[in-house]
Amino acid sequence: MTPIDLGVRRLLRNAPIAGSALIVTTLACWTFFFTGAGTGMEVWEMSAPGLPPTSDHVAMIRSPASISVMSMTFMWWTMMLAMMMPGALRHLPSHGTGSLPAAANMLGFWISYAIVWLGFSMAAAAIQYQLVDAGLLHGMNMWSTNTWFSAALLVIAGLYQFTGFKARSLATCHTVPSKASPFHNGLTYGVNCLASSLPLMLLLFMGGVMNIFWVALLTVVVTLEKTLPDPKPLGIAVGIACLCAAMAVLIT
């Protein structure tokens with residue numbers, strides 16, 4: 001039985017309606033992603049295994065994005081929730097606090113947690129348009145078109161895995177705050193989880209914002225980081241892999 005299974009069973013046992021709603025929401029986010037997330041394209045058209053093919057799509061580097069800022073933000077937000085919820089399920093509070101029943105405590109926590117990722121999504125969408133205008137991001141396939149930009153993102157993500165700040169913020173994702181209101185606790189948990197995952201999420205600008213291979217890989221990594229009893233060996237392995245990938249990008 002995996003840690004994620006334990007989290008799902010606990011949610012369904014202690015707050016069946018609210019727990020079921022959050023699980024359905026997570027599945028709905030994944031479904032939305034697989035149907036193109038409002039981009040008007042098939043997700044497989046924006047996907048390629050491995051490092052981004054920077055040399056084969058130069059003609060479309062400056063293609064104007066035909067997606068509105070609001071739609072782009074919603075795409076990022078639902079994708080972040082799809083990627084983050086598998087690792088967060090076991091940490092959601094499923095017990096009552098004071099006069100609050102378990103369902104209210106859980107939903108209040110989740111709403112504020114989702115707001116944190118909405119803030120990140122608004123910033124990511126704005127950055128995406130700037131990167132397209134700068135010729136660093138493919139306008140349609142949404143992956144990096146610049147070798148140095150790709151290498152820089154990989155180096156930042158790799159080195160970040162070895163920092164004390166990463167270790168501290170990740171440790172807080174294994175301990176759910178419970179001393180304040182559900183809304184405040186969710187914000188605290190969300191900010192710490194964002195801090196632990198931010199450089200990894202920025203790799204989507206390298207591998208492809210809607211690239212199913214990179215989205216799936218990063219989902220597995222952040223889920224394992226939040227559910228393994230000791231995520232340190234995984235963090236070291238991910239850091240080394242990112243640095244090696246940066247070298248590969250520059251060499252090839």
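This section describes model confidence, two helix packings and several individual residues in a predicted structure.

The mean pLDDT of the chain is 86, and 90% of the residues score at least 70. Among the elements of the chain, the lowest mean pLDDT, 68, belongs to helix α1 (residues 3-14), while the highest, 96, belongs to α5. Over residues 55-65 the pLDDT stays under 50. For residues 55-65 the model has 19 contacts beyond four places in sequence. Where pLDDT is low, predicted coordinates should not be read in detail.

Helix α7 (residues 182-202) takes part in both of the packings described here, one with α5 and one with α4. The axes of α5 (residues 147-160) and α7 come within 8 Å and cross at roughly 155°. Because angles over 145 degrees count as roughly antiparallel, α5 is roughly antiparallel to α7. The crossing in which α5 passes α7 is left-handed. On the α5 side, the contact is made by L153, I156, A157 and Y160; on the α7 side, A195, S196, P199, L200 and L202 take part. By class, the residues of this contact of α5 with α7 comprise 8 nonpolar, 1 polar and no charged.

The packing of α4 (102-133) against α7 has an angle of about 40°, with the axes 7 Å apart. The crossing of α4 and α7 is right-handed. From α4, the residues in contact are N105, G108, F109, S112, Y113, I115, V116, W117 and F120. Their partners in α7 are P182, F183, N185, G186, L187, Y189, G190, V191, C193, L194, L198 and M201. The contact of α4 with α7 divides into 15 nonpolar and 6 polar residues, and no charged residues are found in it. Charged residues are thus absent from the contact of α7 with α5 and from that of α7 with α4.

Two loop residues other than glycine have a positive phi, A37 and M142. Most residues other than glycine have a negative phi. For A37, phi is near 55°. A37 is placed in the loop between α2 (16-34) and α3 (69-88), and A37 counts as buried because its relative accessibility is 5%. For M142, phi is near 60°. M142 is placed in the loop between α4 and α5. With a relative accessibility of 2%, M142 also counts as buried.

Two alanines in helices were examined with respect to residues distant in sequence. A18 lies in helix α2 and counts as buried, at 5% relative accessibility. The C-alpha atoms of A18 and L107 are separated by 6.9 Å, although the two residues are 89 residues apart along the chain. Leaving aside residues up to four places away in sequence, A18 touches A103, M106 and L107.

A248 is placed in helix α10 (residues 232-251). The relative accessible area of A248 is 30%, so A248 is partly exposed. The C-alpha atoms of A248 and A151 are 8.6 Å apart in space, and the residues are 97 apart in sequence.

Key. Residues numbered from 1 in each chain as written. Predicted model: local features only at pLDDT ≥ 70, side-chain atom pairs only at ≥ 80, totals over all residues. Heavy atoms only, no water. Axes fitted to C-alpha atoms, helices over the stretch in contact; angles between N-to-C directions. Helix = DSSP H or I, 4+ residues; strand = E, 2+ residues; numbered from the N terminus. Parallel < 35°, antiparallel > 145°, perpendicular 65-115°, else oblique. Left-handed = near helix turned anticlockwise from the far one by under 90°. Contact = heavy atoms within 4.5 Å. Nonpolar A, V, L, I, M, F, W, Y, C, P; charged D, E, K, R; others polar. pLDDT = per-residue confidence, 0-100. Buried < 20%, exposed > 50% of the residue type's maximum accessible area, 1.4 Å probe, protein only.
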